[in-house]
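This report examines selected features of a predicted model. It considers a helix, two individual residues and an enclosed space.

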Amino acid sequence: MSSDRKMRLGAFLMAGGHHIAAWRHPQAHAQAGVDIDHFIELARIAERGKFDMLFVEDAAAIRERNPEMASQAARSTAFEPLSLLAALAVNTSHIGLVATASTTYNEPYGLSRTFASLDQLSGGRAGWNLVTSASELEAENFASSGLRPHSERYERAEEFADAALALWDGVDDGAYFPDGGAQFADRARLHPVHRRGKHFTVEGLLESPRSAQGRPIMVQAGASDVGKELAARTADVVFAASQTLAEAQAYYADVKSRLAKYGRKPDDIKIMPGISPIVGATEAEAKAKYRVLQELIPDAVGVALLASYLSIQDLSAYPLDGPLPDMPQTNLIQSRQQLIIDLGKRENLSIRELARHFAGARGHWQVAGTPAQIADAMEERFSEGAADGFNVMAPLFPSGLEEFVAHVVPELRRRGLFREDYEGRTLRQNLGLGALIKR
């Protein structure tokens, strides 16, 4: 690893916090999901900390169909991500703006146009987290598509990604407003798209000049074999979930090893696992903060959340203090399902214990400690071939993000691991990605 390599940081935003019971905390802002001032505050905290990006996830359905979850979890009110990021674009100047959008419930031309507009609005700071959507609740809102098999979802995603890239690359730099010319557009720099595939038809051009960073950053989060292959071919950033150093190293090496066949170098893609940090002046204080949040989780909510990620209807038929039963593979979130199963077996956790642990960060890495301890943990994964950076998932907003920026970021800087200031104005520049190559 290069000694001058810098860690990349994303701020994963989620209403009042990533912990499932964050809204019940005494410091919580229960209406945070639809309070634009709250999100502007979070964006400015992250930008003050010189984070590379903000990230907002999405699901095109109400999340809490389970009655217990609906009454006890605050994930059912939220802004549509691209609308939110457009508002944040005009309240920030450097930080990247990444939103999730599904290839199963969108069409290439419309989605490419929207992200191109966000890229223009923000001066070249937009990014698209491509997902295929594995939720049956989402499928019920799109009867014409339905929940497709895993392999078909990725087949569609491959074609969608190619169409989006073709549209963004269909306009060269300087195609519009050519210097000193008598024409509004230079036709030699416009390359209309003519694609007729199995899933999509795309004809023509986007009505947008090329952005300051060329095109939106491509982000992926798939952990299945086909998902990792799509990431290796198309992604600039990969979000991941790993519990142990060994798991993170294996995932990192696997994705990076796939790049050469596409003419790409290891540094062409940044792998950023999720981390949920709980910062305290002492380790005891940090762990006490964690216990406070954990004690706010009703068992029924934790178990219902666990069941939703295991893609089964109900775990209540099994003893809560017994082990997780054998789980059949489903058509849904296969990678996260396996992570949960592996965690339960490795730690010998009961369903109750596994549910409470999982509810903290939905399977992502949780670290409670002093700024130095959290920096130690991050530095180990960064230096030992497990991460290029991290997607920071504060359990409680805004305090969790404020504490990370105020105490962990300076510690990372002291060690020479993180920037003092932004290197450029675009997301591509600040991620340290090489020259853009049209695909």
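## Helix 8

Helix 8 comprises 13 residues, 245-257, and at 1.5 Å a residue it should span 18 Å; the C-alpha atoms at its ends are 18 Å apart, which agrees with that expectation.

Five positions may be considered together: Ala 248, Tyr 251, Tyr 252, Val 255 and Lys 256 are the buried residues of helix 8. They lie on the same side of helix 8, because the arc they cover around the axis is only 120 degrees. In an α-helix there are 3.6 residues a turn, so residues three or four places apart point the same way. On the other side of helix 8, Ala 246 and Ser 257 are exposed. The packing partners of the buried residues of helix 8 are helix 7 (225-234), strand 8 (237-240), strand 9 (270-279) and helix 13 (371-383).

## Glu 379 in helix 13

Helix 13, one of the elements against which the buried residues of helix 8 pack, contains Glu 379. With a relative accessibility of 27%, Glu 379 counts as partly exposed.

Outside its neighbours within four places in sequence, Glu 379 is in contact with Met 7, Arg 415 and Leu 417. Of these contacts, Met 7 is separated from Glu 379 by 372 residues in sequence, while the C-alpha to C-alpha distance between the two is 8.8 Å.

## Thr 103 in a loop

The loop between strand 3 (96-102) and helix 4 holds Thr 103. Is Thr 103 buried or exposed? Its relative accessible area is 0%, and therefore Thr 103 is buried, the cut-off being under 20%.

When neighbours within four places in sequence are set aside, the contacts of Thr 103 include the aromatic-named positions Trp 128, Phe 160 and Phe 200. Thr 103 is also in contact with Leu 130, Val 131, Thr 132, Arg 153, Arg 156 and Ala 157.

## The second largest cavity

Rolling a probe the size of a water molecule over the atoms shows where empty space is left. The structure holds 2 cavities of 30 Å³ or more, and the second largest cavity has a volume of about 90 Å³. This cavity is lined by 14 residues, of which Ala 116, Trp 168, Ser 208, Pro 209 and Gly 214 are the closest to its centre.

Helix 4 (108-121) and helix 6 (150-168) each contribute at least two residues to the lining of the second largest cavity. The largest share, 3 residues, comes from helix 4. By residue class, the lining of this cavity divides into 7 nonpolar, 4 polar and 3 charged residues.

Conventions
Residues numbered from 1 in each chain as written. Predicted model: local features only at pLDDT ≥ 70, side-chain atom pairs only at ≥ 80, totals over all residues. Heavy atoms only, no water. 1 Å grid on protein atoms, 1.4 Å probe; cavity = no way out; pocket = protein on both sides within 12 Å on 5 of 7 lines; lining within 4 Å. Points joined across faces, edges and corners; volume = space filled by probe spheres on them. Helix = DSSP H or I, 4+ residues; strand = E, 2+ residues; numbered from the N terminus. Nonpolar A, V, L, I, M, F, W, Y, C, P; charged D, E, K, R; others polar. Expected span 1.5 Å × (residues − 1). Buried < 20%, exposed > 50% of the residue type's maximum accessible area, 1.4 Å probe, protein only. Arc of directions from axis to C-beta. Contact = heavy atoms within 4.5 Å.
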